[in-house]
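User: I'm new to this structure and would like a close look at one part of it. Could you take me through the charged pairs, and then whatever sits around them?

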Amino acid sequence: MAFSEQFDQLLSQPSPLLKRFRALIEPASDSRLETLARESQRLTRYHFGRTMRLFAPLYVSNECVNNCKYCGFSRDNAILRTTLTVDQVVQEAKHLQSLGFRNILLVAGEHPKFVSEGYLQECLDAIKSFVPTIGIEVGPMEDDQYAEIVGHGAEGLIVYQETYHRPTYSTLHTAGPKKNFDWRLDCPERAYAGGFRRIGIGALFGLAEWRHEAIALAAHLEYLYKHCWKAQFTIAFPRMRPYAGNYEYEPDPDLFLSDRALVQLVAAFRVCFPQVGIVLSTREPGHLRDSLAPLGITTMSAGARTEPGGYTGAGHDDLHLTVKGRRVEMEDASGCERATEQFKIDDTRSPAEIAAMLQQKGLDPVWKDWDEAILGS
């Protein structure tokens with residue numbers, strides 16, 4: 001049975017591990033939280049040493065067929081859009097390589113007309129010779145499509161459920177294939193069947209009550225460890241950030257995940273899932289990332305841009321609007337416009353500055369941890 005078929009039962013009849021996790025995220029005193037954080041740090045050093053993997057997202061397209069009320073790329077949002085050519089993707093990837101990155105995540109909105117059949121495969125073929133670790137964060141696919149993507153060089157897949165609260169999910173996703181809650185929920189299993197060996201899941205905190213999201217995410221992770229045990233897993237807890245035009249969603253301050261709760265969440269996942277990778281992105285402010293880095297985080301992005309061509313300006317000569325699936329040329333363009341970002345980042349430090357911060361804290365920034373030659377004869 002797929003996770004979507006067991007989801008409600010797993011939440012209503014939690015396993016012993018899930019009960020332990022639930023207890024760890026209950027309101028805690030300062031001294032209890034301090035103890036939990038120290039245990040998280042100890043377990044992280046034991047299982048991961050002093051390493052911190054660094055990666056960068058490379059947005060290849062901000063076209064999308066989905067209407068998601070909280071997202072800057074939402075279909076009906078009148079933003080400046082572009083899809084990079086394969087050569088432009090190479091240009092962006094080589095820039096990231098020059099900064100030290102050997103781990104790149106290709107990100108795209110879901111639009112089969114613009115991110116068409118074969119496009120991602122061509123991008124992978126074009127950069128895999130100089131980028132040893134490539135992940136994707138794109139619209140969900142079938143098993144055989146994932147197998148083809150793996151065959152072209154991708155090894156990691158990121159797919160966030162956004163919210164595990166069904167009524168909230170239904171309210172926020174009003175059009176497009178992303179409306180299907182269960183289809184997205186089962187995406188990690190299809191990716192595993194397709195051959196991905198690194199799989200990342202998460203929720204966008206701030207859309208629903210945070211403890212419900214955390215427990216559901218923990219249930220999903222526990223299920224994947226049991227049924228997709230050959231893969232490595234990462235989790236992430238991105239918090240709502242300002243996005244293009246405050247599209248159709250006004251964040252609810254009562255649903256905001258506080259810094260204190262975020263620390264507790266990181267520590268609780270580390271204690272219950274000692275070997276899971278925990279990702280912290282540039283959505284978060286620098287001072288908080290600095291404080292969390294030693295406590296349980298194993299992967300960080302650095303110097304990130306969240307729009308296509310954000311690193312080199314590639315694709316900005318082809319900006320346009322998209323109305324009802326059709327390209328509409330801009331009027332009165334000045335030539336200085338840039339593609340619209342998905343959301344605003346907070347930690348704007350360069351990759352070198354992030355690496356220096358990690359070293360000051362006694363951590364080793366890891367730019368590369370994999371090479372195809374490992375499997376060579």
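Analyst: Let's start on one helix. Glu222 and Lys226 both sit in helix α10, which covers residues 210-227, and they are four residues apart, about one turn of the helix. Keep in mind that this is a predicted model. The side chains of Glu222 and Lys226 meet in a salt bridge, at 3.8 Å from N to O. Side chains of opposite charge can pair when their charged atoms come close.

The two ends of that pair have quite unlike surroundings. Glu222 has a relative accessibility of 13%, so it counts as buried, the cut-off being under 20%. Lys226 has a relative accessible area of 56%, and because exposed means over 50%, Lys226 is exposed.

Salt bridges can also link up. Arg53, Glu155, Arg197, Arg198 and Asp369 are joined into one network by salt bridges that share partners.

Let's pick one pair out of that network. Arg198 and Glu155 meet through their side chains in a salt bridge of 3.1 Å, N to O. Arg198 belongs to strand β7 while Glu155 is in the loop between α6 and β5, so this pair ties together parts that are 43 residues apart in sequence. Both Arg198 and Glu155 are buried.

Now follow the strand that holds Arg198. Strand β7 takes in residues 198-203 and runs parallel to β8, with five bridges joining the two. One partner to look for is Phe233 in β8, which is the bridge partner of Ile199. As for β8 itself (residues 232-236), four of its five residues are buried, so the strand is largely enclosed by the rest of the structure.

For another salt bridge, try Lys128 and Asp125, whose side chains meet at 3.3 Å, N to O. Here Lys128 is partly exposed, with a relative accessible area of 37%, and Asp125 is partly exposed too, at 36%. If you'd like the full tally, a search of the whole structure finds 26 salt bridges.

Finally, have a look at some charge on the surface. Glu117, Glu142, Asp143, Asp144 and Glu148 form a negative surface patch. One of them, Glu148, lies in helix α6, residues 143-151. The relative accessible area of Glu148 is 37%, so it counts as partly exposed.

Notes: Residues numbered from 1 in each chain as written. Predicted model: local features only at pLDDT ≥ 70, side-chain atom pairs only at ≥ 80, totals over all residues. Heavy atoms only, no water. Patch = residues over 30% accessible without salt bridge, like charges linked within 9 Å, V, L, I, M, F, W, Y side chains within 5 Å. Areas by Shrake-Rupley, 256 points an atom, 1.4 Å probe, with all protein chains shown as cover. Salt bridge = Lys/Arg side-chain N within 4 Å of Asp/Glu carboxyl O. Lys, Arg positive; Asp, Glu negative; His and termini not counted. Charge placed at Lys NZ, Arg CZ, Asp CG, Glu CD. Buried < 20%, exposed > 50% of the residue type's maximum accessible area, 1.4 Å probe, protein only. Pairing = 2+ DSSP bridges.
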